[in-house]
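Grab a pencil and get ready to work through a few exercises on a protein model. Try each task yourself before you read its solution.

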Amino acid sequence: MKRQKTRHRRIHAEGKRTVLGLVLLLFVINVPMYLYEPHWLFAITLILTALLLVFVTYFFRNPMREVEISDPNFLLAPADGRVVVIEPVMEDEVFHEKRLQVSIFMSPLNVHANWYPVEGNIIRSEHQKGRHLQAWLPKSSTENERSLVIIETPQKIQVAVRQIAGAMARRIVTYAKVGKEAHRNEHLGFIKLGSRVDMYLPLDTEIFVTVGEAVRGNETIVGRLPE
């Protein structure tokens with residue numbers, strides 16, 4: 001069903017400037033501390049700033065995940081995190097009908113790159129300003145800052161993916177452009193700090209995960225679209 005290829009970790013493109021800027025800042029902080037302050041104070045500063053650099057580098061990690069799927073109707077998790085919602089909802093913004101919502105919450109420790117869950121044509125991509133409520137709250141799906149991407153599969157099934165900013169996240173990056181194709185193993189976008197990704201699926205989609213389950217983006221098969 002699925003074959004996973006070798007993965008290599010690297011810094012995501014969205015984080016390279018941040019990491020480089022932080023390295024320069026820490027250099028500016030630590031050199032004067034070394035030259036003019038007591039050694040014990042320099043040692044504490046060096047340890048704290050090194051830990052900060054390690055965390056930021058870890059946050060922007062970019063694991064290279066490549067899979068091969070035999071069934072085009074399989075849905076891959078669009079993000080790392082934990083499933084917090086699986087329920088039918090009335091989707092009034094896009095489809096104006098009942099849809100099955102599957103939501104994945106990302107903590108600050110999760111990989112924050114987002115992948116396309118299915119292949120197809122991108123027929124809608126837009127960013128909407130909003131609030132910054134806690135991402136696990138139900139109303140964050142419609143009130144928080146968010147980006148919406150709709151993919152139409154070769155079987156003419158439309159899948160909506162919504163990237164949602166949380167209380168800490170202040171920037172959503174979306175690579176999806178209308179008229180282009182969505183491919184497996186490609187990034188849909190990136191969200192900085194804790195956040196959430198929602199999918200809106202046909203009601204008869206078969207779901208393979210449960211609420212509370214941890215999933216990995218572009219690896220975990222979360223469900224299967226109807227024929």
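The exercises below deal with a predicted model, and each one comes with a worked solution.

**Exercise 1. The hairpin**

Task: Work out how strand 4 and strand 5 are joined, and find the turn residue with a positive phi.

Solution:
- Step 1: Start with the pairing. Strand 4 and strand 5 run antiparallel and are joined by 9 bridges.
- Step 2: Pick out one facing pair. Across from Val 89 you find Arg 99 of strand 5.
- Step 3: Go to the turn. The two strands make a hairpin with 5 residues between them, and His 96 in that turn has a positive phi of about 55 degrees.
- Step 4: Now look at the other pairing of strand 5 with strand 13 (residues 195–201): 7 bridges join them, again as antiparallel strands. Here Phe 105 faces Arg 196 of strand 13.
- Step 5: Check the cover. In strand 5, 8 of the 10 residues are buried, so the strand is mostly covered.

As background, strands of a sheet pair through backbone hydrogen bonds, either parallel or antiparallel.

**Exercise 2. Following Arg 99**

Task: Find the side chain that meets Arg 99 in a salt bridge, then find the ring that its charged end sits over.

Solution:
- Step 1: Look for an opposite charge. Arg 99 meets Glu 97 in a salt bridge, at 3.3 Å from N to O.
- Step 2: Compare each partner with the cut-offs: buried means under 20% relative accessible area, exposed means over 50%, and partly exposed lies in between. Arg 99 has 8%, so it counts as buried. Glu 97 has 36%, so it is partly exposed.
- Step 3: Look for the ring. The charged end of Arg 99 sits over the ring of Phe 95, 3.8 Å from its centre.

**Exercise 3. A salt bridge across the sequence**

Task: A search of the whole structure finds 12 salt bridges. Take the one formed by Arg 162 and say where its partner lies in the chain.

Solution:
- Step 1: Name the partner. Arg 162 forms a salt bridge with Glu 93, and their closest N and O atoms are 2.9 Å apart.
- Step 2: Place both residues. Arg 162 belongs to strand 9 (residues 158–165), while Glu 93 is in the loop between strand 4 (81–91) and strand 5 (97–106). They are 69 residues apart, so the pair links distant parts of the chain.
- Step 3: Judge their cover. Arg 162 is buried, with a relative accessible area of 1%, whereas Glu 93 is partly exposed at 24%.

**Exercise 4. A charged network**

Task: Which residues are linked with Glu 219 in a network of salt bridges?

Solution:
- Step 1: Begin with one link. Glu 219 and Arg 216 meet through their side chains in a salt bridge, 2.9 Å from N to O.
- Step 2: Widen the view. The network links Arg 65, Asp 80, Arg 216 and Glu 219.
- Step 3: Check the cover of the pair from step 1. Glu 219 is buried at 7% relative accessible area, and Arg 216 is partly exposed at 31%.
- Step 4: Add a spatial detail. Glu 68 and Glu 219 are 151 residues apart in sequence, but their C-alpha atoms are 9.8 Å apart in space. Glu 68 lies in strand 2 (residues 67–69).

**Exercise 5. An aromatic pair**

Task: The search turns up 1 aromatic pair. Decide whether its planes are stacked or edge-to-face.

Solution:
- Step 1: Read off the geometry. The rings of Phe 74 and Phe 208 have centres 6.1 Å apart, and their planes are at 75 degrees.
- Step 2: Apply the cut-off. Planes over 60 degrees apart count as edge-to-face, so this pair is edge-to-face.
- Step 3: Place the residues. Phe 74 is in strand 3 (residues 74–76), and Phe 208 is in the loop between strand 14 (206–207) and strand 15 (214–215), 134 residues apart.
- Step 4: Check the cover. Phe 74 is buried at 6% relative accessibility, and Phe 208 is partly exposed at 36%.

**Exercise 6. An open sheet**

Task: Which strands stand at the edges of the open sheet of 3 strands?

Solution:
- Step 1: Write down the order, which is 3-16-14, with antiparallel pairing.
- Step 2: Count partners. Strand 3 and strand 14 each have a single partner strand, so they stand at the edges, with one side left without a neighbour in the sheet.
- Step 3: Zoom in on one pairing. Strand 14 and strand 16 (residues 221–224) are joined by 2 bridges, and Ile 207 has Gly 223 in strand 16 as its bridge partner.

Technical notes. Residues numbered from 1 in each chain as written. Predicted model: local features only at pLDDT ≥ 70, side-chain atom pairs only at ≥ 80, totals over all residues. Heavy atoms only, no water. Salt bridge = Lys/Arg side-chain N within 4 Å of Asp/Glu carboxyl O. Helix = DSSP H or I, 4+ residues; strand = E, 2+ residues; numbered from the N terminus. Buried < 20%, exposed > 50% of the residue type's maximum accessible area, 1.4 Å probe, protein only. Phe/Tyr/Trp six-rings, centres within 6.5 Å; stacked < 30°, edge-to-face > 60°. Lys NZ or Arg CZ within 6 Å of the ring centre and 35° of its normal. Pairing = 2+ DSSP bridges.
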